[in-house]
Amino acid sequence: ACAALGATGGANAADLASGKAKAAEVCAACHGADGNSPSPDFPKLAGQHPDYLAKALRDYQSGARKNPIMQGFAAALTKDDIANLSAYYSAQPPVLSARY
């Protein structure tokens, strides 16, 4: 079973290097280079589930999720860009903080 999963998983594997490059080009100013936004005004993307990130970007593209700034950025992304960005940010370790 593991061999079968490995054989099919590679065909649609995301390109983390491309995701990192696209993140540096488009997303880093607000969300941070590694997805750990330095500002509380922008969500931290590091460590989020890749399917959640991909759906959020597709929803910004379609207008199902409303944010004019994100809609503009997401509109220019290809299907591969979304897969690569989602995989890249999900692979980054999250930096969490707690208030006590």
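User: Before we turn to any one contact, what counts as a salt bridge?

Analyst: A salt bridge is a side-chain nitrogen of Lys or Arg within 4 Å of a carboxyl oxygen of Asp or Glu. The general idea is that side chains of opposite charge can pair when their charged atoms come close. Please keep in mind that the model in front of you is predicted. In this model, Asp-81 forms a salt bridge with Lys-22, and the closest N and O atoms of the two are 3.8 Å apart. This pair links distant parts of the chain, since Asp-81 belongs to helix α5 and Lys-22 to helix α2, with their positions 59 residues apart in the sense that they are 59 residues apart.

User: How many salt bridges does a search of the whole structure find, and which side chain besides Asp-81 meets Lys-22 in one?

Analyst: The search of the whole structure finds 3 salt bridges. One of them joins the side chains of Lys-22 and Glu-25, at 3.6 Å from N to O. Glu-25 and Lys-22 are 3 residues apart in helix α2, and therefore about one helical turn separates them. Salt bridges that share partners thus bring Lys-22, Glu-25 and Asp-81 into one network.

User: Are the members of that network, Glu-25, Lys-22 and Asp-81, buried or exposed?

Analyst: The reading rests on relative accessible area, where under 20% is buried and over 50% is exposed. Glu-25 counts as exposed because its relative accessibility is 59%, whereas Lys-22, with a relative accessible area of 18%, is buried. Asp-81 also falls under the cut-off, with 15% relative accessibility, and so counts as buried.

User: Where does the salt bridge of Lys-55 and Asp-59 lie, and how should I read it?

Analyst: A pair within one helix can be read from its spacing along the sequence and from the accessibility of each partner. Lys-55 and Asp-59 both lie in helix α3, 4 residues apart, which is about one turn of the helix. Their side chains meet at 2.7 Å, N to O. Lys-55 is partly exposed, with a relative accessible area of 45%, while Asp-59 is buried at 19%.

User: The sequence has cysteines at 27 and 30, so why does Cys-27 form no bond with Cys-30?

Analyst: A disulfide calls for two cysteine sulfur atoms within 2.5 Å, and the structure holds 0 disulfides. The sulfur of Cys-27 has its closest cysteine sulfur in Cys-30, but the distance is 8.8 Å, which is too far for a bond. As for their surroundings, Cys-27 is buried, with a relative accessible area of 14%, and Cys-30 counts as partly exposed, at 25% relative accessibility.

User: Which residues form an aromatic pair, and how is its geometry read?

Analyst: One looks at the distance between ring centres and at the angle between ring planes. The structure holds 1 aromatic pair. It is made by Tyr-88 and Tyr-89, with 5.3 Å centre to centre and 55° between the planes, and it is classed as tilted. Both Tyr-88 and Tyr-89 are buried.

User: How many helices and strands are there in the chain, and what share of its residues count as buried?

Analyst: The chain has 5 helices and 0 strands, and its pattern, read along the sequence, is α-α-α-α-α. Of its 100 residues, 30% count as buried. For a loop position, take Ala-76, which sits between α4 and α5 and is exposed, with a relative accessible area of 61%. The C-alpha atoms of Ala-76 and Val-26 are separated by 9.9 Å, although the two residues are 50 residues apart along the chain.

User: What lines the largest pocket, and which element gives the most to its lining?

Analyst: A pocket can be read by its volume, then by the residues around it, and then by their chemical character. About 480 Å³ of space lies in the largest pocket. The lining has 24 residues, and those closest to the pocket's centre are His-31, Pro-43, Leu-45, Tyr-60 and Met-70. Two or more lining residues come from each of α2 (16-31), α3 (50-62), α4 (68-75) and α5 (79-91). Among the elements, α3 gives the most, with 5 residues. By character, the lining divides into 18 nonpolar, 4 polar and 2 charged residues.

Methods
Residues are numbered from 1 along each chain as its sequence is written. This is a predicted model: local features need pLDDT of at least 70, side-chain atom pairs count only at pLDDT 80 or more; totals for chains, interfaces and linings use all residues. Side-chain values use heavy atoms; hydrogens and water are left out. On a 1 Å grid over the protein atoms alone, a cavity is a set of points where a 1.4 Å probe fits but cannot get out, and a pocket is an open set with protein on both sides within 12 Å along at least five of seven lines; lining residues have an atom within 4 Å of a point. Grid points are joined across faces, edges and corners, and a volume is the space filled by probe spheres set on the points. Ala, Val, Leu, Ile, Met, Phe, Trp, Tyr, Cys and Pro count as nonpolar, Asp, Glu, Lys and Arg as charged, and the others, Gly among them, as polar. Buried means under 20% relative accessible area, exposed over 50%, partly exposed in between (1.4 Å probe, protein chains only). Rings of Phe, Tyr and Trp (its six-membered ring) pair if their centres lie within 6.5 Å; planes under 30 degrees apart count as stacked, over 60 as edge-to-face and the rest as tilted.
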